[in-house]
Amino acid sequence: MTKIESKIIDVIRNNAVVIFLCAVTFCGIVMRIFGLKFQSGDFQSFLNPWWQQISAGGLQGLAHQVGNYNVPYQIITYLLTFLPYGALYSYKLLSIIFDFFLALAAALCVLSFCKSNKKIKASLTYAIVFCLITVVLNSAFWAQCDSIYVTFILFSFYFLQKDKSIPSFIFLGIAFAFKLQTVFILPVYLYYYFTTRKFSILNFFFIPLVDFVMCLPAVLLGRPLSDILTIYLEQTDYGKLLQFNCPNLYAIICDGANTYYYTYLKNFSIFLTFAILGAGLVMVIYRRVNMKNTENFLLSAIWTVFTCIMFLSSMHERYGYLLDILAIIYAITMCKKIWLPIACTLVSLRGYSFYLFGYEVLDLRTTAVIYFTVYVIFTYQFFRDVIKNGEKLHEDYGKVTVTAGSAIGESLDSEPSGAVTDSSNAGYTQEGEIIPENTLEQADIENTYSEDTPEQADIENAYSEDTLVQADIENTRSDDMPEH
């Protein structure tokens, strides 16, 4: 081997991660280029007509609702009309850019969550998410924007785990401003709130506040405030179908394409979903599940999203997008349940294939049975690994005991710092931190020694008294001796 060849190999070895990421990015971009000219049914029926209407209305057109997407997406569409690429390429360019940020956000979460092999796992996450077939189809073929809201949810996760609640809820508010499906993840924030006591309930008001701020340009242009408040309510009633090619419970029990069943089961589906998620919340609180624990948090997030998809009405085949990404992050972070992202992604791929290409690998009901089975298996594992066997909070977590200058045992509310690991043999500081068992044993030894010290002092005092008596005797003897 020549010196040049040796140097080249050394450079490749020293920069293997960077070279890998560049190669993955290049492959992902090439995959997307092949789909740029593809026109989906959504583009022809909705996105392109919206583009024409927004372009014709100009800036003042933002004062009126176009389509059924929220105002921020309408504002971005207006800005895209200034690009020279036309509607099809501009929509897809926006989504592809957020595909890149989505992969980065997923890698950042894994980098933050992992305790070992961080760089390798983060790089693998970026590669899988950026080149995932459903992510590519969603943006480059379908021209949909699911990568936008999921990206902001992942950034919210990142800051939440860093105990920076305000940035976390701001990003969650941005995600909500783009997609109503952000509500699928809200239950896990409630779980986190009740168990960790890391932030105030008032933080949840950042979500509608951020949404309002992002809609403010349209309001200033004359859009009625009622439009901002009702647009998502109208979305929930759009189409009046129990499911839109989504293999959930209603694809099993009835014909989801029949509007007759929608009338009777819509409210039922909402109540059922709330009941299941509420039961999960009660068990999380009762069992003192530590939501600061990464595995508990990720599994809870996956379960709440999966529950919403499975039991809410009017679900689309694309709504599994967030679930697929979270399953990938969990599998890579914990190196467990590799089957889950594979199963979820394959089910999602079936929906994409049917809608985009008219190809039905499996009929919807069979797919729904498989998907529901996956949900049941995962729910069992969730209750086993999180509710029953997951890391728990100590009974005194969130409180301090005052022993000096006040009554013993009096407790005050306190906000602990850091996660608390359940340990029957460990003690806890006032901040909720763990005192190792060996430290406690050492403290006991020192206390025992301090208890023995008074006894030792008594012996020394007795010895001193004996010394004084002996001194008196000697003095007496000296007095009795005759003088010379």
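Lysine 198 is buried, with a relative accessible area of 13%. This is a predicted model. In it, lysine 198 pairs with aspartate 163 in a salt bridge whose closest N and O atoms are 3.9 Å apart. The pair links distant parts of the chain, 35 residues apart. Aspartate 163 sits in the loop between α8 and α9 (165–178). Lysine 198 sits in the loop between α10 (186–196) and α11 (206–220). Aspartate 163 is partly exposed, at 37% relative accessible area.

**Salt bridges**

The structure holds 8 salt bridges. Three of them are set out here.

| Acidic residue | Basic residue | Closest N and O atoms |
|---|---|---|
| aspartate 163 | lysine 198 | 3.9 Å |
| glutamate 295 | lysine 336 | 3.1 Å |
| aspartate 385 | lysine 337 | 2.8 Å |

Take lysine 336 and glutamate 295, with N and O atoms 3.1 Å apart at the closest. Lysine 336 lies in the loop between α16 (321–334) and α17 (339–357), while glutamate 295 lies in helix α15 (residues 294–311), so this salt bridge ties together parts 41 residues apart in sequence. Lysine 336 is partly exposed, with a relative accessible area of 36%. Its partner glutamate 295 is buried, at 15%.

Next comes aspartate 385 with lysine 337, whose closest N and O atoms are 2.8 Å apart. Aspartate 385 belongs to helix α18 (residues 364–388), and lysine 337 to the loop between α16 and α17. The two are 48 residues apart and link distant parts of the chain. Aspartate 385 has a relative accessible area of 18%, so it counts as buried. Lysine 337 is buried too, at 12% relative accessibility.

Shared partners also build a network: salt bridges join Asp163, Lys198 and Lys292.

**Helix α8**

Helix α8 covers residues 146–161. Its 16 residues should span 22 Å at 1.5 Å a residue. The end C-alpha atoms are 23 Å apart, which agrees. Is α8 mostly covered or mostly open? It is mostly covered, as 15 of its 16 residues are buried. Just after α8 comes aspartate 163, with a positive phi of about 60 degrees. That is the aspartate that bridges to lysine 198.

**Helix α3**

Helix α3 has 17 residues, 41–57. At 1.5 Å a residue it should span 24 Å, and its end C-alpha atoms are 24 Å apart, which agrees. There is a kink of about 35 degrees at leucine 47, shortly before proline 49. Which residues of α3 are buried? Asp42, Phe43, Leu47, Trp50, Trp51 and Ile54 are buried there. Leucine 47 thus appears twice, at the kink and among the buried residues. Residues three or four places apart in an α-helix point the same way, because the helix has 3.6 residues a turn. What covers the buried residues of α3 includes α4 (71–80), α5 (86–113) and α17. Just after α3, glycine 58 takes a positive phi of about 70 degrees.

**The nonpolar core**

In soluble globular proteins, nonpolar side chains tend to be buried together. Here the largest nonpolar core holds 124 residues. Which of them touch the most other members? They are Leu154, Ile185 and Ile325. Helix α5 gives this core its largest share, 14 residues.

Isoleucine 325 touches Leu102, Val129, Leu132, Val135, Val150 and Leu154, leaving aside residues up to four places away in sequence. Leu154 is thus a contact of isoleucine 325 and, like it, one of the core members touching the most others.

Threonine 125 lies in helix α6 (residues 118–131). At 0% relative accessibility, threonine 125 counts as buried. Its contacts are Ala106, Ala107, Val110 and Ile332, again without residues up to four places away in sequence.

**Cysteines**

How many disulfides are there? The count comes to 0 disulfides. Cysteine 114 is in none; the nearest cysteine sulfur belongs to cysteine 335, 7.2 Å away. A disulfide needs sulfur atoms within 2.5 Å, so this pair does not qualify. Cysteine 114 is buried, at 4% relative accessibility. Cysteine 131 is in no disulfide either, its nearest cysteine sulfur being that of cysteine 27, 6.2 Å away. At 22% relative accessibility, cysteine 131 counts as partly exposed.

Technical notes
Residues are numbered from 1 along each chain as its sequence is written. This is a predicted model: local features need pLDDT of at least 70, side-chain atom pairs count only at pLDDT 80 or more; totals for chains, interfaces and linings use all residues. Side-chain values use heavy atoms; hydrogens and water are left out. Helices (H or I, at least four residues) and strands (E, at least two) are DSSP runs, numbered from the N terminus. The expected span of a helix is 1.5 Å times one less than its number of residues. Buried means under 20% relative accessible area, exposed over 50%, partly exposed in between (1.4 Å probe, protein chains only). A salt bridge is a side-chain nitrogen of Lys or Arg within 4 Å of a carboxyl oxygen of Asp or Glu. The bend at a residue is the angle between axes fitted to the seven residues ending there and the seven starting there. Contact means heavy atoms within 4.5 Å. A nonpolar core is a set of buried Ala, Val, Leu, Ile, Met, Phe, Trp, Tyr and Cys residues joined through side-chain atoms within 4.5 Å.
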